[in-house]
Amino acid sequence: MTAFPTQAQAVVIGGGIIGCSVAYHLAKLGWRDVVVLEQGRLTCGTTWHAAGLVGQMRPNRAMTQMSKYGIELYSSLEAETGLATGWRRVGSVNVARTKERVIQLQRNRASARGFGVEMEMISPAEAGKLWPLMRTDDLQAAVWLPGDGKANPTDLTQALAKGARSRGVRIIEQVKVLGFVLRGGRVVGVKTDQGDIACETVSLCAGQWSRAVGKLAGVTVPLFSAEHFYIVTKKIEGVTHDLPVMRDPDGFIYYKEEVGGLVMGGFEPKAKPWGMNGIPDKFEFQLLPEDWDQFEILMNAALHRTPCLETAEIRQLLNGPESFTPDGNFILGEAPNVGGFFVAAGFNSAGIANAGGAGRLLAEWIVGGEPPADLWDVDIRRFGNFHGNAAHLRDRTVETLGLHYAMRWPRHELESVRPLRRSPLYDRLAAKGAVFGSKMGWERAIYFRPAGAPEAPYTWGTPAWLDWVRAEQKAVRERVAIFDQTSFSKYLMQGRDALKVLQRLCANEIDVPVGRMIYTALLNRRGGFESDLTVVRLAETQFMIVTGTAQTTRDFAWINRAIGADAATITDITGALSVLSVMGPNARALLGALTTDDLSDAAFPPGMTREIDVGFAVVRAARMSYVGGPGFELYVPVEMAATLYDSIWAEGPRHGLADAGYYTIDALRIEAGRRAFGAELSGDDTPLEAALMMAVKLDKPAAFTGREALLRQKEKGAAKLLTIFTLDDPAAFPWGGEGILRDGLPVGEVTSAGYSDRLGRAVVMGYVRATGPVDRAYTLKGRYTIDVSGTQFAATPCAKPPYP
């Protein structure tokens, strides 16, 4: 018997399809000293009862490429390992019962064209020919994806395990992880019931046990289990071996063929959480009791869509719990607070489809030391510690399971576990008609609904709130408006080496006079944006860093980890300061009436900050504006925020003051050409590509991360360039994600879209891609259209932002 290992380069926890995929890809990258630990037997948790549907399309380019790779892997594993995987490229049919669902499918088709995925809009009759067992009389349209398929999850896992073993990976079953050894902020060992293993990295791939195992290392893995159902029938006449996968999202259901019968399951709108007291260790190859009451909504939808089920013999109602996350996306990446501790979990019942690509991405992250692509949608750093609260996760899971097939409207807001984090102004703004959206748990006013106006419903068309937001825009551009931006992430960095660390991290010059505010890029080694943020020099060795609401965990971890042995500390002060932004041509006059400080350009030029009196408060005022035009950001202790707001409003009516929300911020920043992280900026986008070299100083004395990559790209040329477009038709209303076509060919997708009150039309941003170097002259040539829900609208590229 082989002795239990005492050390390894990498330890993977979990022997399901995710853990085996990570181990397989680590070995393919040359890491042979890898140990996989499984508390039961391979596939015994969730993998063995997964339905095995494998689709290609994902919400963005990077995730779609991940899925496409997974299909390539699954189709080749049998030849590589000699083990059958059950992979069959049978294609999939997705049907639409409503006009709104048709629009969603049309938008998906436009994205698929840009992502290189074959997808065809077909009629209900054509869908019926591909899937003869369904009724089609109530359908509006469908799509056909010939590259989709299905696989046997257990066989796939065994093939990945064999491929890993053949490259030197050890897989050890029936080993319970008891804890971890941490040293200097990193994981250096795993404690088990069979002994300790010293290691360089840990990959936590323990499925629905991952939250509990992560706690052993102090790592928050926000997922929660829910009961998940499908039926398996006996043979049904007309069901063939090559029957495509079929999805009816308006009925919340899916189908696939199995042994001449059907598997039918789905994602009910209101889920049933499970495991409130934890997941039993020995829940291996086990199922939960049948629950036909919970399954009823799915069964009724299936009886409607496939009348053959009325007489089919049901072999089993399978109830196998799976884990779900607060936003419906899986969790991938290095834990923000423990170096070398990686997570791949919470796959929201899509683990089989994502396992191949996710395993490869995590392995590349482990070996390469940073994300290999734009993974922000699934990055573990998108969550905060508060997301690990069990009651929070339980209540949110009731909602998120159904997101699979729910209509994901533009700017759709989840409803559970709200309000959670609130600004001191929340009640005041709510009383004035604020409608709130949520980001990183913060309630933020997105627009203000006039008294007596009905709620604005979700839509693919022109929204009912547009006139209200246009009025807010007009206030900003012509008078003055106030925004509550308390949710900004804010850090205090100080110490003898604080400047040294920031110079190493930031692409712009940070060694500036005290009081100066600098906008800068933070780059990865590929030259892509790890973040964009603002640095305020408060003193010689003290800096305030301001970044986006969603990036609190991400940016703190990136900066803190870079400090290393240098004499500097970083503290999260997000909750200590509120931010009120007073924007517009009357902003200076309004604040001037509330202070004796000189706010003139000579005394207080743009890009500077200083402490001033405003009403009864002392604030740090910053001369800058994300929306374009004149304005001030006021940083004030949270306990003074309401007093400051009231003082501004006491004077405000004389200057035409209005409240405004984040939809107005977004529309105006697009009009002004301001980029946003997670839209225009990601780890795959460089300052050269984003036309944002003003946030970079290549010749500053201090070398910075990403500089060499930028220099190489500058010499070679960029193959894409961010471009602003105005849509020629004032009636067109894009939301973001639409395809951009140049001379009839797809060249990119819209990253941000807003409606400009000044121009009376939509303004969008997006990358124009080419096979060779792209410059501004190239992007200004050609005939452009934007594919808005299946309709091509002419668009005009802009040489510079429409505002000012």
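**Note on the predicted model: backbone outliers, cores and cysteines**

1. Asn 348 is buried, because its relative accessible area of 3% falls under 20%. This is a predicted model, and in it Asn 348 has a positive phi of about 50° although the residue is not a glycine. Asn 348 sits in the loop between S21 and H8, and both of those elements, strand S21 (341-345) and helix H8 (351-368), each supply at least two residues of the largest nonpolar core.

2. Arg 411 is another non-glycine residue with a positive phi, here near 55°, and it is placed in the loop between H9 and H10. With a relative accessible area of 26%, Arg 411 counts as partly exposed, whereas Asn 348 is buried.

3. The loop between helix H9 (390-400) and helix H10 (426-431) also contains Pro 419, and the peptide bond that leads into this proline from Arg 418 is cis, with omega near -5°. A reader going through this loop will therefore meet both the positive phi of Arg 411 and the cis bond before Pro 419.

4. A cis peptide bond is also found from Tyr 803 to Pro 804, where omega is near 5°. Pro 804 belongs to the segment after strand S40 (791-798).

5. Turning to the interior, the largest nonpolar core has 49 residues, and Leu 26 and Leu 332 are the members with the most contacts inside it. Strand S1 (7-13), helix H1 (17-28), strand S2 (34-38), helix H2 (61-81), helix H5 (153-165), strand S21 and helix H8 each supply at least two residues of this core. A second core, separate from the largest one, comprises 38 residues and includes Tyr 447, Trp 468, Val 469 and Val 768.

6. Which residues does Leu 332 touch, if those up to four places away in sequence are not counted? Its contacts are Val 343, Ala 344, Ala 358, Leu 361, Leu 362, Trp 365, Leu 375, Val 378, Asp 379 and Ile 380.

7. As for the cysteines, the structure holds zero disulfides. Cys 506 is buried, because its relative accessibility of 2% is under 20%, while Cys 308, at 21% relative accessibility, counts as partly exposed.

Key: Residues numbered from 1 in each chain as written. Predicted model: local features only at pLDDT ≥ 70, side-chain atom pairs only at ≥ 80, totals over all residues. Heavy atoms only, no water. Disulfide = S-S within 2.5 Å. Buried < 20%, exposed > 50% of the residue type's maximum accessible area, 1.4 Å probe, protein only. Core = buried A, V, L, I, M, F, W, Y, C linked by side-chain atoms within 4.5 Å. Helix = DSSP H or I, 4+ residues; strand = E, 2+ residues; numbered from the N terminus. Contact = heavy atoms within 4.5 Å.
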